[in-house]
Amino acid sequence: MSVNKASQQDVLAAKLFFTAAFPAMRVPLEEDPKQAAKFRDLNTVVQFSAEDDENPVACHIVFLSEEEAAKTEEGKRFKVYEGKYEGDLPVIDMAFPSIKSLLGVFKGNSPLDMLGIVKPLLKNMFKKGTFRFLFLMLNLMKMMPDYVPDASDPWGQYLKVKMSLYMITRAMSRANKLGWEPMTKWTEKQTDRIYQFRVGATRDKDGNELYPEIAAYLRVKAGKTKAGRGEYTRKRPFVLLDFPNPDGCIAVLSGRYEFVQAVEHKCVTVIGSGDSYAVQFNNIMNALQAMLVPEPKN
């Protein structure tokens with residue numbers, strides 16, 4: 001029997017962290033001036049990998065200055081790729097002995113699990129950009145259910161909601177492409193449908209806008225899916241989950257209310273012809289979220 005073999009669910013969770021959670025770091029990287037300044041002139045790669053006897057996993061994140069990005073075909077300063085890096089940029093190599101140890105750090109189930117970051121960090125601590133990336137990655141903790149910023153922290157609310165919605169829509173699409181059965185069964189017989197999130201602007205106590213509206217969507221068509229940022233404009237949503245403000249969205253994301261309760265408390269309005277599908281959509285979203293974050297602490 002293999003001594004280092006992760007379950008299929010853990011393999012899926014690791015791949016979803018790489019392809020859905022990591023790209024959400026783009027939000028603070030682009031919208032937080034302090035983070036943007038730290039990465040302005042950095043040209044490096046951060047690579048994550050985990051050993052496994054049957055399903056080793058890896059991804060790499062490329063950070064480029066504006067000047068270096070302009071020389072590339074895509075022109076992107078931040079990009080997450082699956083697989084190991086093969087190139088000439090310096091590499092911060094965060095290698096883990098198992099998928100379990102990798103997920104322990106990402107999910108933060110316990111302080112002991114979190115210590116799994118120490119060895120990879122020590123091996124890279126003197127490389128340029130290591131601690132800059134570590135502090136950027138800590139923003140992922142804002143998607144955890146027990147991080148519940150209130151109206152006194154409008155930036156925290158905005159960041160949590162935007163990162164979470166970008167992550168979950170992408171995770172749903174990736175899970176479908178990776179063959180996760182609950183998602184593939186749900187999508188296989190659907191016609192061309194848009195599941196749209198819309199969250200009202202973040203405002204101060206006087207009603208002045210601090211941060212703009214947030215939107216993300218999932219497109220489902222005959223078993224295929226695509227996640228997108230912003231509003232899908234080519235057709236009306238099949239289901240629109242309309243949150244009046246980030247606090248209403250956080251009520252659902254943090255588990256303050258079950259979905260039906262959130263509707264009753266007017267934290268969210270369901271608009272469209274697919275009311276029953278909205279509940280199914282939320283249930284799948286919660287199941288995926290449970291793979292990526294620890295259970296809320298009561």
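This passage describes the nonpolar core, a helix pair and several individual residues of a predicted model.

In this predicted model, local features need pLDDT of at least 70 and side-chain atom pairs count only at pLDDT 80 or more, while totals for chains, interfaces and linings use all residues. Residues are numbered from 1 along each chain as its sequence is written, and side-chain values use heavy atoms, with hydrogens and water left out.

The largest nonpolar core, a nonpolar core being a set of buried Ala, Val, Leu, Ile, Met, Phe, Trp, Tyr and Cys residues joined through side-chain atoms within 4.5 Å, holds 85 residues, among which Phe 22 and Phe 48 touch the most other members. Here buried means under 20% relative accessible area, exposed means over 50%, and partly exposed covers what lies in between, with a 1.4 Å probe and protein chains only. Helix α9 (residues 154–177) gives the most to this core, contributing 11 residues; helices (H or I, at least four residues) and strands (E, at least two) are DSSP runs numbered from the N terminus. Contact is taken as heavy atoms within 4.5 Å, and, when neighbours within four places in sequence are left aside, Phe 22 is in contact with Phe 17, Phe 48, Cys 59, Ile 61, Phe 78, Val 80, Phe 106 and Leu 140. In soluble globular proteins, nonpolar side chains tend to be buried together.

Helix α9 also holds Ser 164, which is buried, with a relative accessible area of 6%. Not counting residues up to four places away in sequence, Ser 164 touches Met 143 and Leu 253, and its C-alpha atom lies 9.5 Å from that of Ile 250, a residue 86 places away in sequence.

Helix α5 (residues 99–107) is mostly covered, with seven of its nine residues buried. These buried residues are Ile 99, Leu 102, Leu 103, Gly 104, Val 105, Phe 106 and Lys 107, and the elements against which they pack are α1, β1 (44–50), β2 (57–63), β4 (91–96), α6 (111–114) and α13. Just after α5, Gly 108 takes a positive phi of about 60 degrees.

Helix α1 (residues 8–21) and helix α13 (residues 275–292) pack against each other at an angle of about 90 degrees, with their axes 9 Å apart, where axes are lines fitted to C-alpha atoms, for helices over the stretch in contact, and angles run from 0 to 180 degrees between N-to-C directions. The two helices α1 and α13 are therefore roughly perpendicular to each other, given that angles under 35 degrees count as roughly parallel, over 145 as roughly antiparallel, 65 to 115 as roughly perpendicular and the rest as oblique. On the α1 side, Gln 9, Leu 12, Ala 13, Leu 16 and Phe 17 meet Leu 288, Met 291 and Leu 292 of α13. The residues of this contact between α1 and α13 divide into seven nonpolar, one polar and no charged, where Ala, Val, Leu, Ile, Met, Phe, Trp, Tyr, Cys and Pro count as nonpolar, Asp, Glu, Lys and Arg as charged, and the others, Gly among them, as polar. Helix α13 also contains Asn 282, which counts as buried at 5% relative accessibility and which, apart from neighbours within four places in sequence, is in contact with Val 252 and Phe 259.

Gln 190 lies in the loop between α10 (181–187) and β5 (193–199) and is buried, with a relative accessible area of 3%. A polar atom of the Gln 190 side chain lies 2.9 Å from the backbone oxygen of Trp 186. Leaving aside neighbours within four places in sequence, Gln 190 is in contact with Tyr 195, Val 220, Lys 221, Ala 222 and Tyr 277. Of these contacts, Ala 222 is found in the loop between β8 (214–221) and β9 (224–229), counts as exposed at 56% relative accessibility, and has a positive phi of about 50 degrees although it is not a glycine. Lys 266, in the loop between α12 (259–264) and β11 (269–272), likewise has a positive phi, near 60 degrees, in a residue other than glycine, and is exposed, with a relative accessible area of 67%. Most residues other than glycine have a negative phi.

Notes: Polar contact = N/O pair within 3.5 Å; in protein donor to acceptor, adjacent residues only side chain to side chain.
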